[in-house]
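Please open the model in your viewer and keep the sequence panel beside it, since each stop on this tour begins with something to select.

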Amino acid sequence: MIRFEGVCKSFGGARAVNEVTLDVARGSLCALVGTSGSGKSTLLRLANRLLEADEGSIRFDGADVTNIPPVELRRRMGYVIQSVGLFPHWTVERNVATVPRLLGWSPARIGERVAELLDLVGLPPGRHARRYPDELSGGQQQRVGVARALAGEPELLLMDEPFGAVDPPTRRGLQDSLMAIQKRTGTTILLVTHDVEEAIRLSGTLAVLDQGRLLQTGTPAQVLTQPATDAVARFFGGPLLGLNRLKALRVGDRAQAAASPDEREPIDMDATLEAALARMVAEGCSRLPVRRLADGTRGVLDLADLVRP
Amino acid sequence: MRRPAGREPAPARRAGANLDVLPLLISALALVALLLGGFVVVAPNRLLSGTPLSLWQAAGPGGAASLLAILGVIALLAARPALRFQRVLIGLAAGTLMVLALALAGMTASEQAAAAGRLTRVSLGAGFWTLFVAGLLLLADSAERETHRAGKALPLLATLLGLAALIASGRLAQLSLAREYAVRQQAYLDEMLRHLQLTGSGLALALVAGGAIGLLAYRRPRRAGPVFAALNIVQTIPSLALFALLIGPLTVLTGLFPALRSLGIAGIGPFPAILALGLYGLLPVARGVHAGLSAVPNTVVEAALGMGMTRGQIVRHTLIPLALPTLLQTLRLTLVQLIGLAVLAALIGAGGLGTFIFQGLGQTAADLVLLGALSAIALALIADTALRGLTLFLLRRPQN
């Protein structure tokens, strides 16, 4: 969907992005992670040409972005920022309708789309469409921000620390909504975050940046089991890396065929190992029945399976 | 400032505060002034100074009693802040006070003219003016604090209607002020129109040039400092001096390029007056535009850009609407300031309402001075009120 190739960007001599090559597949969710100043936001802003790359090329759906007028390019990409940036003088409805109106859709189509999106982000339009941003909570504002970014049926959604400014429970709610939305719409998402847990939870692909360089890409499980460099390991927890690995791995990755039946409530295959460990601790046991293995047989997960390399 | 005033929460009342101090104070002051100062001044002719008549002498016991009764009603209303429509009622009472006081003064003038002949002049005295200004303050205070939009406008409109009806009825015709107007009706209309033209042209100049400067300062923040420093210097030139200062250079300029004269450019007359007014409006307009635009949150502009708005769309959909409250306030303040300043234009031969003021000063005819000054004040008040109304209208939040 979008491919960065040898992309460099400097600000006054300092390289913010250095020779980054990254391919984000259609329909995937790629999280750009790294500490502050690692260049992840810069990379995102290069994608929709809020910044222009010094070197290298960025291809969007096969075309070089420099050949697409910025305004057109941005209307084909949704954009969500941490501070939301809703238009305070417009109602929720009008905010969400921004890009469709820019694209010149018919009022009927816009109305339909706005209602659909507000439902999608969990804000029933009957109650929220006519409200103003300052009448919403921070979490609701960010939901509107996501709806607004999706309104123009973008091929790619760019999100710059979208949930960084809301409290943890609200953040988890927003993350769940985002995963559900992506499942339904199949939109490709490029997300910037410095929240390790959020990155592991949401992403299909992690791209770890440090000082402008791309250190490693891979699934969360790959990156956490085989960090390419010390910097990657440090970013994902250093000595606590193992705990984060439990968040990235699923029960299905480690479960084995069950020898004997177990009458207790089985755990789901796609639950995280962290959840499995939590249950073992809570129940004071070292084995859990697993709902069904890929071959249809009952499975079991042993504490030893969790710590197996 | 973004929300219309009508939506703001009512200011919390202090516990135990069970009366409005301001209206009480104002009505008490008006009472003292009425008792001490002359209500009208009667002079044997236009130029001699006259003798003051007290309210009792001028309006008789009935008139005096009714004015005092209204003051009493205002004081009673002020002591009962919990009353429904209290502010609207105070506003209406204040308007009645103003209209009645003017009517009584007009009647006195008619009686005096009938008794002592056409040469007699009856002017409005210190007592009257204090009462009238007190009424105006009460009216403004009630409009300011009333939260309901119709409640804000009602007393004001009723008072204006009352004053207009009183003037139209001819009952004021024998007041010295009205007689000064009557002998120069055509000149008054001409100078009023000229005043509006000067103010309008000066404002247009200030809006275009000041707007451009404000925009430049917003786009290039590093230049904002020096630009505003330069404009501040212009503002420190005394207004009278600025009008006079332009005479020299412009005369030299037209001497060098006589062709300029055919364009209306000259050392005296309307051209330098408009230029001076425009220069005076430059700083407030530039500052207002700069402040208004700077107050628009960066995140909103970034979001607009990121969503694919063109430059024009960003200006139209975010910068202008979000800066609008400040821009409208700037327009209002600048207009009111220029209406007042345009009085000085008469000094360099540009005409306007100042003509009457300076004529009156020359002839020591106080009522002619008043005719010009009051007209300029009325003009400023009307412009201010109209723009406040427009602001409320434009900034309302459409609900459903």
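In what order do the six strands of the open sheet in chain A stand, and what kind of pairing joins them? Keep in mind throughout that this is a predicted model. When you select the strands of this sheet in chain A, you will find the order 6-7-8-3-9-10, with mixed pairing. Strand 6 (77-81) and strand 10 (213-218) of chain A stand at the edges, each with a single partner strand, so that one side of each has no neighbour in the sheet. From one strand to the next, the twist averages 15°.

**The sheet of chain A, from one edge**

Begin with strand 6 of chain A and add strand 7 (residues 156-160) of chain A, and you have a parallel pair that is joined by five bridges. To see one of the positions in register, pick A:Ile81, whose bridge partner in strand 7 of chain A is A:Asp160. Next add strand 8 (residues 188-193) of chain A, which runs parallel to strand 7 of chain A and is joined to that strand by five bridges. Here A:Leu157 is the residue to pick, with A:Ile189 of strand 8 of chain A opposite.

Before moving on, show the side chains of strand 7 of chain A: are its five residues buried or exposed? The strand is mostly covered, with five of its five residues buried. In a regular strand, side chains alternate between the two faces of the sheet. In strand 7 of chain A, A:Leu156, A:Leu158 and A:Asp160 point one way while A:Leu157 and A:Met159 point the other way, and all are buried.

**The other edge of the sheet**

Now select strand 9 (residues 205-210) of chain A together with strand 10 of chain A, which pair in the antiparallel sense over five bridges. Within this pair, A:Val208 can be picked together with A:Gln216 of strand 10 of chain A, which stands opposite.

**Where the two chains meet**

Show both chains and select the residues in contact between them, which are 16 residues from chain B and 17 residues from chain A. On the side of chain B that touches chain A, the elements giving two or more residues are helix 12 (298-306) and helix 13 (311-341) of chain B. Helix 12 of chain B provides the largest share of that side, namely six residues. If you colour this side of chain B by residue class, you will find seven nonpolar, six polar and three charged residues.

**Chain B as a whole**

Hide chain A and look at chain B alone, whose secondary structure comes to 15 helices and three strands. Its C-alpha atoms fill a box of roughly 75 × 65 × 30 Å along the principal axes, and buried residues make up 39% of the 400 residues in the chain. Colour domain 1 (21-176) and domain 2 (185-394) of chain B separately, and note that their C-alpha centres lie 34 Å apart. The contact between these domains takes six residues from domain 1 of chain B and six residues from domain 2 of chain B. On the side of domain 1 that touches domain 2, the residues are two nonpolar, two polar and two charged.

**Helices in chain B**

Select helix 1 (residues 21-36) of chain B and find B:Ala28 in it. B:Ala28 counts as partly exposed because it has 14 C-beta neighbours inside 10 Å. Add B:Leu71, which is 43 residues from B:Ala28 in sequence but 8.1 Å away in space, C-alpha to C-alpha.

Move to helix 4 (residues 126-145) and helix 5 (residues 149-168) of chain B, whose axes come within 7 Å and cross at roughly 155°. That crossing makes helix 4 of chain B roughly antiparallel to helix 5 of chain B. At their contact, B:Leu139, B:Ser142 and B:Ala143 of helix 4 meet B:Lys152, B:Pro155, B:Leu156 and B:Thr159 of helix 5. By class, the residues of this contact divide into four nonpolar, two polar and one charged.

For the last stop, select helix 14 (residues 354-363) of chain B, in which B:Gly354, B:Thr355, B:Phe356 and B:Ile357 are buried. The buried residues of helix 14 of chain B pack against helix 7 (185-219) and helix 15 (366-394) of chain B. Following helix 14 of chain B is B:Thr364, which has a positive phi near 45°.

Key. Residues are numbered from 1 along each chain as its sequence is written. Chains are lettered from A and ligands numbered from 1 in the order in which they are written. This is a predicted model: local features need pLDDT of at least 70, side-chain atom pairs count only at pLDDT 80 or more; totals for chains, interfaces and linings use all residues. Two residues are in contact if their C-beta atoms, placed from the backbone, lie within 7 Å. Helices (H or I, at least four residues) and strands (E, at least two) are DSSP runs, numbered from the N terminus. Ala, Val, Leu, Ile, Met, Phe, Trp, Tyr, Cys and Pro count as nonpolar, Asp, Glu, Lys and Arg as charged, and the others, Gly among them, as polar. Domain bounds come from an automatic or database domain assignment. Two strands pair if DSSP finds at least two bridges between them. Axes are lines fitted to C-alpha atoms, for helices over the stretch in contact, and angles run from 0 to 180 degrees between N-to-C directions. A residue is buried if 20 or more other C-beta atoms lie within 10 Å of its own, exposed if 12 or fewer, and partly exposed in between; C-beta atoms are placed from the backbone. Angles under 35 degrees count as roughly parallel, over 145 as roughly antiparallel, 65 to 115 as roughly perpendicular and the rest as oblique.
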